[in-house]
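Trainee: I would like to take a close look at one part of this model with you. Could you walk me through it?

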Amino acid sequence: MKPKAIGQFGTKLTLTCALALSPLLAFADSKPAAIKIGITTFISGPASVFGMPAKAAADLYLEQLNASGGIKGVKVEPIFIDEGVGSDRLLSEYRRVVQEQQAAVMIASISSGNCNTLAPVAEDLKVVNLLWDCGTEKALENHAYRYVFRPQANAVTEMVSSVIYLLQTKPDFKTIAVVNQDYAWGRDSWEIFSRTLKQLKPDVKVVAELFPRFGASDFSAEVSRLQVLRPDVVLSTSWGGDLDTFIRQASQRGLLQKSQFFLPLGETSLERLGSAVPDGVLVGARGDHYFLNPQYTNDARHGQFVNDFKARTGTYPIYSAYHMVQALDATVAAYSRAISANGDKWPDEEQLADAFRGLEFRGLTSGVRIRPEDGQGLEPQLFGVTAASNQFKFKVLKDIVLINPDGVTTPPGMKTQDWLGTLSPELITEIKAVRAQP
């Protein structure tokens, strides 16, 4: 009987201790050993020239973050998904990473078409999703998402700013042509740009609207058409390998000397294109994400990132790398905010999502604010003119200016097309492009 009594007492003591410690055990269990973050980017295909620098930036960022202890002591494990596999497989992989691998945050995507597809899926899965690079305003506009946010500007801010910059820099042009990729971004960005241009300078004539397929390798038809038309301005909001190929082929036939080229996303291609780009091309950077941004020449963190990125990849960071870091910075800031609001306890998915709304943080360049009304990020836009440099073997930007997002972004609750219809030519002088200074 004695051994049995001791055994019963031991069992009761163990149970009592377990019950007493259960709140502490529950708290310990609430803080994970690691969190998984799913990241979509183009790893294969022609768009990989844009997607792989973003992956390199993520690898670099997360290595340094984990080396310093992670997020409040929790390490971050990235799971990369290739956007180059096509939309159907991407969607399947996205679901698998959330449902089977239990990703706590998804950073998706580059393609505007993919963002339009994945945003409602994230909402259905109740997982935080950051639209880390895509520009389409339609991904958020007129949606009441709880879990979907964009930690950078959208196409409206970028295109309205682009029109204002063009009109302030080259006010006397009469004709314009566009060469854009035939998918959501190419069509939507031109729709916003052309509508804004019509509102601000209605006498400009659009002489050609050319939409070669996404991933095209031959632009001879488009170049020949432009050579015949000779528009005052040639606009292309294309990006990645498509933009590189178009500019090389246009340059070989002297087209860049015959018309004023304006490339609102051209910052990403300058190093790859080298001498194919002449002086005098107008270029944008989608945000103020430029490794030679004069405002951050003496900024220690920015300078260290540029040096580390160059050492790892052999190239300078482009805006996709900045956007990736910006999304990761937003994630870290949101976790810190949510933990603080939750009494220093690890947040659940809903608490984390709430922390993104109205979040203010800084990436590598200017500070960003995510609007609480719709999850849309606000940031300034950088533009400049290509020029030769003794330091670099490719063209850099001079006469760099910044346009703030106020007044060039659709207000919360409005439809973009309705808002664009309210713009007037006075906006050209009301919006001030500010020279970037060290």
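Trainee: Over which residues does pLDDT stay under 50, and how many contacts beyond four places in sequence does the model have for them? Please go on from there to the disulfide and the other local features.

Mentor: Happy to. This is a predicted model, so local features need pLDDT of at least 70 and side-chain atom pairs count only at pLDDT 80 or more, while totals for chains, interfaces and linings use all residues. Residues are numbered from 1 along each chain as its sequence is written, and side-chain values use heavy atoms, with hydrogens and water left out.

The stretch you ask about is residues 1-29, where pLDDT (the predictor's confidence in each residue, from 0 to 100) stays under 50. For these residues the model has 2 contacts beyond four places in sequence, a contact being heavy atoms within 4.5 Å. Where pLDDT is low, the predicted coordinates should not be read in detail. For the protein, the mean pLDDT is 93, and 93% of its residues reach 70 or more.

Now to the disulfide (a pair of cysteine sulfur atoms within 2.5 Å). The structure holds 1, joining Cys115 to Cys134 with an S to S distance of 2.2 Å. Cys115 lies in helix H4 (residues 112-125) and Cys134 in the loop between strands E4 (128-130) and E5 (148-149), so the bond ties together parts that are 19 residues apart in sequence. Helices (H or I, at least four residues) and strands (E, at least two) are DSSP runs, numbered from the N terminus. The torsion about the S-S bond is about -100°, so this disulfide is left-handed. Cys115 counts as buried at 0% relative accessibility, and Cys134 counts as buried at 1%. Here buried means under 20% relative accessible area, exposed over 50%, and partly exposed in between (1.4 Å probe, protein chains only).

Next, the backbone. Most residues other than glycine have a negative phi, and most peptide bonds are trans. Ala108 and Ser109 are joined by a cis peptide bond, with omega about 15°, and Ser109 sits in the loop between strand E3 (105-107) and H4. Asp344 has a positive phi of about 65°; this residue is found in the loop between helix H11 (319-341) and helix H12 (349-356) and counts as exposed at 60% relative accessibility. Asp399 also has a positive phi, near 50°, but its place is in strand E15 (residues 396-403), and Asp399 is partly exposed, with a relative accessible area of 39%.
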